[in-house]
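Hi,

Here is the structure I said I would pass on. Have a look at it first, and then read on for what turned up.

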Amino acid sequence: MCQPGESKLETAMHVPEGIDTQCPFCSVQCKMTVHAGEETLAGVVRAVHRAEGKPNAASQGRLCVKGMNAHQHALHAERLLRPLMRKAGRLVPVTWKEALDAVADSFSSTLSAQGPDAIGIYGGGSLTNETAYLLGKFARVAVGTRYIDYNGRFCMSAAASASSKVFGIDRGLTCRLADIPLAQCIVLAGTNIAECQPTLMPYFHQAKENGAYIIVIDPRATPTAAIADLHVQIRPGTDATLANAMMKVMVDEGLVNEDFIRKRTNGYEQLLTHLNRMDFSESAARCGIEPEVIRQAARAFGTVDTGIVFTARGVEQHTDGHMAVRAFMNLVLATGKIGREGCGYGTITGQGNGQGGREHGQKADQLPGYRSIENKADRDYVASVWGIKPNRLPGKGVSAYEMMELVHQGEIQTLFVMGSNPVVSSPNARMVEEGLKKLNLLVVADMFLTETAQMADIVLPVTSHLENTGTMTNLEGRVLLREAARSAPGEARDDWRILCQIAVRLDKVGYFTYKDAEHIFEELRLASRGGLADYYGITYTRLRHEGGVYWPCPSPDEAGTDVMFRESFALPHQKGVFTVVESRSAGEHTSEDYPLVLTNGRVLAHYLTGVQTRRSSSLTAREIENFVEIHPRTAQRWHIRDGEWVEITSPRGSFTVRSRIKPHIREDTIFVPMHWGGVQNVNRATRPDLDPFCRMPGFKTAAVRIRPLHLSTVANSADPNEWSWL
Ligand SMILES: Nc1nc2c(c(=O)[nH]1)N[C@H]1C(S)=C(S)[C@@H](COP(=O)(O)OP(=O)(O)OC[C@H]3O[C@@H](n4cnc5c(=O)[nH]c(N)nc54)[C@H](O)[C@@H]3O)O[C@H]1N2
Ligand SMILES: Nc1nc2c(c(=O)[nH]1)N[C@H]1C(S)=C(S)[C@@H](COP(=O)(O)OP(=O)(O)OC[C@H]3O[C@@H](n4cnc5c(=O)[nH]c(N)nc54)[C@H](O)[C@@H]3O)O[C@H]1N2
Ligand code: SF4
Ligand SMILES: [Mo]
């Protein structure tokens, strides 16, 4: 946005020639060089930039369309260049001093009137490790609140908690990307890699060339399913049942690895008892899949020597996400496909630093290095690194959505959001919006005036991926250094500096004195030392020299761990743990009023709530508005024509999108992307129910009804809001 008093010239943004950077979007973290140039169109000279992939271990030099255009949003004229403060109802530019003083004054008065737990801190998986670490320290030391959580709760909490329980440690992939071509069978469950991590596809193509059998489990025939040998078109919310049914076939047909089970695992007997009681045909019916298809999948995975199971949000974003992931982990343990080349389990992590962001203290129950805030030894250690008494560390808080509930209930009165747009990305978005309106103070640190920032009292402009330095940990657990490649536009500041400057005003200067991001990383190394996610052996010098280092890396002399669990698992008994998982559906029950299952996810060209990608002309041109994918027979049944506007309603609320009739989705299911806010926001209809183990919301199923918004329907409607989109 061109802010009042600024000329267009001041906001024009360029990059110096040939800058090296890293894509800010997904968890692959592709490296690239952005070249600056000029183009003359109709006699007008304008700046053009071109991104070129740089060789690196994960994407091997490839870029997808989002990466190729990632500089566009960073150079966009709507970048926030000055702090904004609400005065007489409007957000107006102010100096940093005024903005930060106001934040600190308000924090101080809330601290003395209501105490620290009236302040909530809400982080994100796009933040660097350094910022995520500092945000955790800021919450606990500068503010003293128990309430900190982050958007990764919506993203990977199910798989993260499952990995911790089953293997004892949570790293996205337990193997390397290089193991994919070595696998003879690959299960891709609820993961649409072709659109969400496109530069990884060649690993799977290579596996296929080597003869691998690929199973894709998805209610839709996605571009990823296009490479499948077997597409299991599952009814949403029934993955746990499916994995159990596959497990039963493997047991019944003797496809398990008895030796591995005996030596390396616990709990197999209980699992057998459970499977004996299970009705296979009933399970297949629940999943909406032919029994023979399940047998085929089980045999394909059970009869080969090497194989990998991958899950992502399709399996994980359910109220049984934690258990569904554990049911898939059973398959890996039972066949001994972990801890060696071409084998493993992996959750395809989502955001650029989805992995690192969950390791160093942004989570309600967590301290750096994946330490627990409830464990005495962990508290003592981190308190000693931070130079405080352990009893000054607050206890465990609540999950991201529960924080929004506390906001709504008035218990949290101040919210500080750094790197997230929860008004769009939270389930039951209407409740979140209502809650935020009640706050005494909402502070948002972002590059853009997001839907959440528009509601804020104070907006703090931050640097983009082109302008700040820090480390990001990709889906493989490989730590990568991304260095600032150009100076900050306008008055935008690095996130970590903003945190330090507020901490100083809260009289905590002694704990927040850093000269640069590396200085914070040096402290993070120490704070993580000896923890599960041990970064002690990693330094900026090494990262510059080696390109990236896997964690855990306990010493500067060690290479870092590529394939995990070769000898033992990270639990006290060193064994992997089988899980007895109930076979039931996690979906919301459909009814006469709400007869369809709504699931949701992503498209290739947009990223999350679209704040960044909708500001990229090349990306937004590919998808300009939201839509619903609906099967031709379902469309016919509900009188919907292709390309017309429809209203989708759940017990929580309604949203409006354009129809896209496609035969590649199940007839009982509709699919809507998550990248748009306002009336097109799918989260107006998603449900707030949480997984009891990890507090992941059940995003991926909601019972809904759909109706076309023909002109006549609208004309007859009593609700004037329905006219607004016309
Ligand atoms: N283009 C693009 N790429 C992205 C992102 C983005 O926004 N856009 N976001 C990044 C982030 S943060 C994340 S978390 C990842 C997400 O990556 P994914 O998890 O791969 O993405 P989704 O589209 O949410 O869900 C994957 C698939 O799950 C299917 N699905 C829905 N319900 C079910 C179910 O009940 N069971 C099964 N088995 N499948 C189901 C959907 O049809 C969808 O194809 O992508 C990252 N990469
Ligand atoms: N229905 C439905 N809802 C979902 C999902 C789904 O599949 N279905 N997926 C969930 C998942 S997996 C995720 S990860 C969440 C994500 O949801 P959000 O957390 O809302 O993610 P973004 O839209 O990426 O918002 C991140 C914001 O951070 C800003 N930003 C980027 N980099 C930086 C930085 O370095 N510093 C600061 N301060 N800001 C920065 C961006 O401009 C953007 O405004 O959505 C969840 N919501
Ligand atoms: S979006 Fe992901 S796959 Fe695409 S360039 Fe960026 S990091 Fe690479
Ligand atoms: Mo995510």
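Charges first: the chain carries 79 positive and 80 negative ones, and their mean positions lie 1 Å apart. Bear in mind throughout that this is a predicted model.

Now the fold. The protein chain has 26 helices and 28 strands. Its radius of gyration is 25 Å, close to the 27 Å that the globule rule gives for 726 residues, so the chain is as compact as a globular protein of that length. If you lay the C-alpha trace along its principal axes, it spans about 70 × 70 × 60 Å.

On packing, 63% of the 726 residues are buried. Among contacts with a separation of 6 or more, 73% are between residues 24 or more positions apart. As for the outside, the accessible surface comes to about 25300 Å², and carbon and sulfur atoms account for 49% of that.

One helix I went through in detail is H20, residues 429-438. Which of its residues are buried? They are Ala-429, Met-431, Val-432, Gly-435 and Leu-436. These cover an arc of only 155 degrees around the axis, which puts them on the same side of H20. The general background will be familiar: an α-helix has 3.6 residues a turn, so residues three or four places apart point the same way.

And what covers those buried residues of H20? The cover includes two helices, H18 (400-409) and H19 (422-425), along with strands E16 (414-418) and E17 (441-446).

Cheers

Key:
Residues are numbered from 1 along each chain as its sequence is written. Chains are lettered from A and ligands numbered from 1 in the order in which they are written. This is a predicted model: local features need pLDDT of at least 70, side-chain atom pairs count only at pLDDT 80 or more; totals for chains, interfaces and linings use all residues. Side-chain values use heavy atoms; hydrogens and water are left out. Helices (H or I, at least four residues) and strands (E, at least two) are DSSP runs, numbered from the N terminus. The radius of gyration is taken over C-alpha atoms; the globule rule is 2.2 Å times the number of residues to the power 0.38. Buried means under 20% relative accessible area, exposed over 50%, partly exposed in between (1.4 Å probe, protein chains only). Contact means heavy atoms within 4.5 Å. Accessible areas come from the Shrake-Rupley method with a 1.4 Å probe; for residues, only the protein chains shown count as cover. Lys and Arg count as positive and Asp and Glu as negative; His and the chain ends are not counted. The place of a charge is taken as NZ of Lys, CZ of Arg, CG of Asp or CD of Glu. The arc is that of the directions from the helix axis to the C-beta atoms.
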